[in-house]
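Opening the notebook on this one. I want to see what lines the main pocket, how two of the helices pack, and where a handful of residues sit.

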Amino acid sequence: MEQTIDPTLGPVLARTGDERAVLDSFLDFHRAVLLRKVRGLSDADAGRRLVPSATTLAGLVKHLTLVERNWFPTLLAPEPGDVYLTSEEDAVASFTLGDQDTVAGLTEAYERACARSRSIAARFDLDHVVPHPQLGEVSLRWILVHLIEETARHAGHADILRELTDGESGAI
């Protein structure tokens, strides 16, 4: 039996689109996959450690919220006081849950960060180049590809953690 691909998925809709449409649709697709992996979970389940590292479903959402803020607003539209976070301590903290962190709060913060990222990125051409504290310079195109890679990788982690949590499986 031949399986068909859901024609309403963003990457499928953009399959003949221009470069920007393809990049944006793949990033939004992986953002949505991550959010689907935490929906319906209790705070306790989303924060439970199931692997030797400190990686949790809720921690992945918290981390990717920081990633969105770090790459789009901080690099492309910095405001006074914005600092690009690069230390190992910052990385560990981005996954670390506090007592105030809830699934609802973390997903809302992630959705807001993604909306802000979309809004900022839309103001620039793919060839727009900005200084980067570690890499010298990066283009918006490079930022989008990097965020697709980072978000997809962590969505894959979330897929495995969700399956370990309650048996729910599936790439989408």
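**Entry 1: the pocket**

I started with the lining of the largest pocket, and H4 gives the most to it, with 5 residues. Worth jotting down before going on: this is a predicted model.

Which helices each supply at least two residues of that lining? I find H4, helix H6 (88-95) and H8. The volume of the largest pocket comes out at about 240 Å³. There are 15 residues lining the largest pocket, and closest to its centre are Leu 66, Asn 70, Tyr 84, Leu 85 and Thr 86. By type, I get 6 nonpolar, 7 polar and 2 charged residues in the lining.

**Entry 2: H4 against H8**

Next I looked at how H4 and H8 pack. H4 covers residues 57-71 and H8 covers residues 140-166. I read an angle of about 175° for the pair, with the axes 10 Å apart. An angle over 145 degrees counts as roughly antiparallel, so H4 and H8 are roughly antiparallel to each other.

Which residues in H4 meet H8? On the H4 side I list Leu 57, Leu 60, His 63, Leu 64, Val 67, Glu 68 and Trp 71. On the H8 side the partners include Trp 142, Ile 143, His 146, Leu 147 and Glu 150, and further along the list Leu 161, Arg 162 and Thr 165. The residues of this H4 and H8 contact divide into 10 nonpolar, 6 polar and 3 charged.

**Entry 3: Thr 56**

I then checked Thr 56, which has its place in the loop between helix H3 (43-46) and H4. Buried or exposed, at 2% relative accessibility? Thr 56 counts as buried, because the cut-off for buried is under 20%. Leaving out residues up to four places away in sequence, I see Thr 56 touching Ala 46, Gly 47, Arg 48, Arg 49, Leu 97 and Leu 161. Leu 161 also turns up among the H8 residues that meet H4.

**Entry 4: Leu 23 and Ser 117**

Two residues inside helices came next. Leu 23 is in helix H2 (residues 19-38), and its 11% relative accessibility makes it buried. What does Leu 23 touch, not counting residues up to four places away in sequence? I get Leu 126, Arg 141, Leu 144, Val 145 and Ile 148. I also looked up Leu 23 against Arg 123: they are 100 residues apart along the chain, and their C-alpha atoms are separated by 15 Å.

Ser 117 lies in helix H7 (residues 103-121). Its relative accessible area is 1%, so Ser 117 is buried. With residues up to four places away in sequence left out, I find Ser 117 touching Arg 31, Glu 68, Phe 72 and Pro 73. Glu 68 is one of the H4 residues that meet H8.

**Entry 5: two loop residues**

Last, a look at the strands and their loops. Leu 135 is in the loop between strand S1 (129-132) and strand S2 (136-139), and is partly exposed, with a relative accessible area of 47%. Not counting residues up to four places away in sequence, Leu 135 touches Trp 71 and Trp 142. I note that Trp 71 in H4 and Trp 142 in H8 are both listed where the two helices meet. For Leu 135 and His 157 I get 22 residues apart in sequence and 26 Å apart in space, C-alpha to C-alpha.

His 128 sits in the loop between H7 and S1, and counts as partly exposed at 28% relative accessibility. How far apart in space are His 128 and Leu 140, C-alpha to C-alpha? I get 5.7 Å, with their places 12 residues apart in sequence. Leaving aside neighbours within four places in sequence, His 128 is in contact with Leu 76, Val 138, Ser 139 and Leu 140.

Terms used: Residues numbered from 1 in each chain as written. Predicted model: local features only at pLDDT ≥ 70, side-chain atom pairs only at ≥ 80, totals over all residues. Heavy atoms only, no water. Axes fitted to C-alpha atoms, helices over the stretch in contact; angles between N-to-C directions. Helix = DSSP H or I, 4+ residues; strand = E, 2+ residues; numbered from the N terminus. Parallel < 35°, antiparallel > 145°, perpendicular 65-115°, else oblique. Contact = heavy atoms within 4.5 Å. Nonpolar A, V, L, I, M, F, W, Y, C, P; charged D, E, K, R; others polar. Buried < 20%, exposed > 50% of the residue type's maximum accessible area, 1.4 Å probe, protein only. 1 Å grid on protein atoms, 1.4 Å probe; cavity = no way out; pocket = protein on both sides within 12 Å on 5 of 7 lines; lining within 4 Å. Points joined across faces, edges and corners; volume = space filled by probe spheres on them.
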